[in-house]
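Subject: The structure we talked about

Hi there,

Here is the structure I promised to pass on to you. Please open it alongside this email and have a look around before reading further.

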Amino acid sequence: MSDDIEDMGPVDYVVVEFPGNRMTGEAFPLLVDLVEQGIIHLLDLRFVKKDADGTVTALELTDLDGEGNSFGLSVFEGASSELLDQEDLDEAGHALQPGNSAAILVYENRWAAPFARALRRSGAQMVASGRIPVQAILASLDAEESAEGGQPPQ
């Protein structure tokens, strides 16, 4: 197992909130595509919802809508690295607004595995990482444009 871990790319997680529990499924085929292309390896995919009273409940793929439609994600049913425990699901649920649901994804960035292996072999290690939400980038660009008197950045 330790050899497998040494060969892995960076592992990330995201929690994606769906306002009003509205999951259209539009993005899910793209997730399946990323896995099939070998860009990512999905380690965990879990769903939670937060009721109006603040109760957080784990959902199964078959619970995603009233017709049993799992948006093509049934290929991931039962697949779990067990990295996420109940405490993780509760923490993700507490980040939600009442009446909303979320997908929690834990995935390996396979595209970065060769780079990560080379870094590990040289003795390097990651000491920090982060992600900048697109909304923050847009707000920063808007603020810059306003400060320049409405002129687009050069």
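Below I describe what was found in it, going from the whole chain to single residues.

**The overall picture**

Please keep in mind that this is a predicted model. The protein chain has five helices and four strands. If you walk along the sequence, these elements come in the order α-β-α-β-β-α-β-α-α. Of the 154 residues in the protein chain, 27% are buried. Contacts between distant parts of the sequence matter for reading the rest: among contacts with a separation of 6 or more, 78% are between residues 24 or more positions apart.

**Aromatic rings**

How many aromatic pairs does the structure hold? There are two. In one of them, the ring centres of Phe28 and Phe47 are 6.2 Å apart and the planes meet at 90°, so this pair is edge-to-face; the cut-off for that label is over 60 degrees. Phe28 belongs to helix 2 (residues 28-36) and Phe47 to strand 2 (residues 40-50), so to speak two distant parts of the chain, 19 residues apart, linked by one pair. Both partners are buried: Phe28 has a relative accessibility of 8%, and Phe47 has a relative accessible area of 1%. Ring pairs also bring in Phe18, which forms a cluster with Phe28 and Phe47.

**The nonpolar cores**

Phe47 turns up again in the largest nonpolar core, which has 15 residues. The residues with the most contacts inside this core are Leu31, Leu42, Leu45, Phe47, Phe76, Ala103 and Leu105. Helix 2, strand 2 and strand 4 (101-109) each supply at least two residues of the core. Which element gives the largest share? That is strand 2, with four residues.

Phe76 is a nice residue to click on here. Leaving out residues up to four places away in sequence, Phe76 touches Leu31, Val32, Val35, Leu42, Leu45 and Leu61. Apart from the largest core lies another one, of 10 residues, and among them are Leu43, Val48, Val56 and Ala102.

**The largest pocket**

The largest pocket holds about 400 Å³ of space. Its lining is made of 17 residues, and Val14, Val16, Ala27, Leu31 and Leu105 lie nearest its centre. Strand 1 (11-18), helix 2 and strand 4 are the elements that give two or more residues to this lining. Helix 2 gives the most, with four residues. You may recognise Leu31 and Leu105, which are also listed with the most contacts inside the largest core.

**Three residues to look at**

Start with Glu108, which lies in strand 4. Is Glu108 buried or exposed? Its relative accessibility is 6%, so Glu108 counts as buried, the cut-off being under 20%. Leaving aside neighbours within four places in sequence, Glu108 is in contact with several residues, including Asp7, Met8, Gly9, Pro10, Val11, Ile39, His41 and Ala113.

Val11, one of those contacts, sits in strand 1. With 40% relative accessibility, Val11 counts as partly exposed. Not counting residues up to four places away in sequence, Val11 touches Leu43, Val106, Tyr107 and Glu108. Val11 and Tyr107 are 96 residues apart along the chain, yet their C-alpha atoms are separated by 5.5 Å.

The third is Leu59, in strand 3 (residues 56-59). Leu59 is buried, with a relative accessible area of 13%. With residues up to four places away in sequence set aside, Leu59 touches Phe47, Val48 and Lys49. The C-alpha atoms of Leu59 and Ala103 are separated by 9.5 Å, while the two residues are 44 apart along the chain.

**A helix you can check yourself**

Helix 5 (residues 134-147) makes a good exercise. Its 14 residues, at 1.5 Å a residue, should span 20 Å, and the C-alpha atoms at its ends are 20 Å apart, so the two values agree. The expected span takes 1.5 Å times one less than the number of residues. Just after helix 5, Gly149 takes a positive phi of about 75°.

Enjoy exploring the model, and send me your questions whenever you like.

Best wishes

Key: Residues numbered from 1 in each chain as written. Predicted model: local features only at pLDDT ≥ 70, side-chain atom pairs only at ≥ 80, totals over all residues. Heavy atoms only, no water. Phe/Tyr/Trp six-rings, centres within 6.5 Å; stacked < 30°, edge-to-face > 60°. Buried < 20%, exposed > 50% of the residue type's maximum accessible area, 1.4 Å probe, protein only. Core = buried A, V, L, I, M, F, W, Y, C linked by side-chain atoms within 4.5 Å. Contact = heavy atoms within 4.5 Å. 1 Å grid on protein atoms, 1.4 Å probe; cavity = no way out; pocket = protein on both sides within 12 Å on 5 of 7 lines; lining within 4 Å. Points joined across faces, edges and corners; volume = space filled by probe spheres on them.
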